[in-house]
Amino acid sequence: MSVGIVMLVHTALGRAEQVARHWAAAGCPVVIHVDAKVSDRRYKAFRQALSDVALIRFSRRHVCTWGAWGIVAATQDACEMLLGDHAEVQHVFLSSGSCLPLRPVDELKTYLAARPRTDFIESATTADVPWTVGGLDEERFTLRFPFSWKTQRRAFDRYVEFQRKLGFRRRIPDGVVPHMGSQWWCLTRQTLQAILTDPQRAEYDRYFRKVWIPDESYFQTLARKHSTHVESRSLTLSKFDFQGKPHIFYDDHLQLLRRSDCFVARKIWPHANRLYRVFLTDAEGAMKRREPNPGKIDRIFSTASERRTRGRTGLYMQSRFPREGWEGGLTGARYSVFQGFTELFEDFEAWLSRTAGCRVHGQIFGPGDAEFSGGQQVINGALTAKAALRDHSPRTFLTNLIWNTRGERQCFQYSPRANQAVAWDMAKDGNAHVSVIAGAWAVPLFRTRRPFEEIRREAARLQRIEHEFLDALRSPWAKARAQIWSMAEVVEGPSEALQASIDEMGLRTARRLPELPEMRDLTGFGAFLQSLKNQGMHPYLMGDFPAEVEEPAQDEEPDDKPRRPYMVKK
């Protein structure tokens, strides 16, 4: 039993020489095709370097352009030379100059000797191939492709569109069912000889010459016609990213390659000295005899592809930003947003910081500059408090705030007076926890001394803005964890809303809060709301407040319980 090797080489000739010597040293005849685009000087030097190895020969050179016929023609010529010169060869293994044997060659020989009639070639119909990239599946077999996709892209695209408009469709030769698969195969002598000597080869060659990427369909299709036993898999480990480009293996992939148990891997970085040293010269480092199983490392490549296409949650990169839905999640950590709490409670931010033990900011999105905790003007990641920079891209400002401080829970205040450009972003963000006391925006208006007509107009504006924010939090598209109370509910029982907000943050385990923040004096607030109603503005978000508010009786006996600064007559 003998295995012959066909090597397609176009770059890194020094590494190709090293691998070719490795195959030949194990008794495998090698035929090398060197791309005609390689200069004559380099080609002659390469041939001279291998002239001392009798088992190595060179085939006629072809120009090999990706996606074109030259790669198939080069493979045909090399295979014909190998089969003609070595009658003992029973399997032909197609590889490239960037392929690297991972296991001793004797193991490959033994493996193939036990399967003398098996052709290892990935081969599936277009309906069953999920990995094609570029939008051409069946059309690659029914249209003509005289132009190079890489070097003549505009002509390629226009000619494809022209054929589509005309309704042009090529005739597929009789008896041929197009199949696709990896270019790197290992075929038996019988199957390969049958393909190369097929009486209809001239017809097949004419047809596939204008097929797009024929090196992934010519042998894959004709093997189905001539083989008695096809195993639709490759013995070469080759992985591709989401764009259809091959993954390149580096020195730090050593253990990953060992885990695959594959016989050969591509593409290997030419400067991966450790990989070439271990797999070509270290017999002790050879892998154990196991069935090749590249699926064992599929999870790692899937994770890499996911990281490249979706990225890390809360971190943008050029390929995804600013395309909606491609950011892989708006923010990188959980955070809490409080609306209406600072308006209703005295010194709420300091209380929340003491109670929850997290970093508490003021009004991050205005009005005015961002109010970072401790009055800082610049925080993690050189994020500035300047309103002009923040409002240039509020969404990015929020993303950067959470990303730069990940590992530490961020809490900040929000209000209808703030920049509303991030309202929907927070509503759709699964990392957001939003607590709202609806209608609390009226408290600052209640305490101001502005003309009442201005107050009425401002109240109408703020209520409309908050109503839209609440609609976003309640929409079917919202992912934020939202808790909404009317102001009247919180005034009646402040501990319930405060306790629920703290519990939702997951930062406390105590069942009852040790202290409550002091509520602002709301004496006369009901009458204020009634005045707004009388002026034609209906303040409905804060709930039902009576128009009459009375102070506690002066002669009441004091008790030990903390008392609110007012009482609402029910």
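**Contacts, pairing and burial in a predicted model**

Leaving aside neighbours within four places in sequence, Gln183 is in contact with Leu8, Ile71, Leu94, Asp215, Glu216 and Gln220. The model discussed here is a predicted one.

Reader: In which loop does Gln183 lie, and is Gln183 buried or exposed?
Author: Gln183 lies in the loop between β8 (179–180) and β9. A residue counts as buried when its relative accessible area is under 20%. The relative accessible area of Gln183 is 12%, and therefore Gln183 is buried.

Reader: Which strand does β1 run parallel to, and which residue stands opposite Leu8?
Author: Strands of a sheet pair through backbone hydrogen bonds, either parallel or antiparallel. In this chain β1 is joined to β4 by seven bridges, and the two strands run parallel. Within β4, the residue that stands opposite Leu8 is Ser96.

Reader: How does β4 pair with β9, and which residue of β9 stands opposite Phe93?
Author: Three bridges link β4 and β9, which pair in the antiparallel sense. As for burial, β4 is mostly covered, since seven of its eight residues are buried. Opposite Phe93, the residue in β9 is Cys186.

Reader: Which residues of helix α4 are buried, and what do they pack against?
Author: Helix α4 spans residues 105–113, and its buried residues are Val105, Glu107, Leu108, Lys109, Tyr111 and Leu112. An α-helix has 3.6 residues a turn, so residues three or four places apart point the same way. The elements that the buried residues of α4 pack against are β1 (2–9), α1, β4 (89–96), β6 (119–120) and β9 (186–188).

Reader: Are α1 and α11 roughly parallel or roughly antiparallel to each other?
Author: Two packed helices are described by the angle between their axes and the distance between the axes. For helix α1 (residues 13–25) and helix α11 (residues 273–281), the axes come within 11 Å and cross at roughly 10°. Angles under 35 degrees count as roughly parallel, and α1 and α11 are therefore roughly parallel.

Reader: Which residues make the contact of α1 with α11, and how do they divide by type?
Author: From α1 the contact is made by Arg15, Gln18, Val19 and His22, and from α11 by Asn273, Tyr276, Phe279 and Leu280. Sorted by type, the residues of this contact divide into four nonpolar, three polar and one charged.

Reader: How many disulfides are there, and what is the distance from the sulfur of Cys358 to the nearest cysteine sulfur?
Author: A disulfide is a covalent bond between the sulfur atoms of two cysteines. The rule applied here asks for sulfur atoms within 2.5 Å, and by this rule the count comes to zero disulfides. Cys358 is in no disulfide, and its nearest cysteine sulfur, which belongs to Cys411, is away by 3.0 Å.

Reader: What relative accessibility do Cys262 and Cys358 have, each of which counts as buried?
Author: Buried means under 20% relative accessible area. Cys262 counts as buried at a relative accessibility of 1%, and Cys358 counts as buried at 7%.

Reader: In what order do the three strands of the open sheet with β12 stand, and which are the edge strands?
Author: The order is β5-β12-β11, and the pairing in this open sheet is mixed. Between β5 and strand β12 (residues 264–265) there are two bridges in the antiparallel sense, and Pro101 stands opposite Val264 in β12. Each edge strand pairs on one side only, and these strands are β5 (100–101) and β11 (236–237).

Key: Residues numbered from 1 in each chain as written. Predicted model: local features only at pLDDT ≥ 70, side-chain atom pairs only at ≥ 80, totals over all residues. Heavy atoms only, no water. Axes fitted to C-alpha atoms, helices over the stretch in contact; angles between N-to-C directions. Helix = DSSP H or I, 4+ residues; strand = E, 2+ residues; numbered from the N terminus. Parallel < 35°, antiparallel > 145°, perpendicular 65-115°, else oblique. Contact = heavy atoms within 4.5 Å. Nonpolar A, V, L, I, M, F, W, Y, C, P; charged D, E, K, R; others polar. Buried < 20%, exposed > 50% of the residue type's maximum accessible area, 1.4 Å probe, protein only. Pairing = 2+ DSSP bridges.
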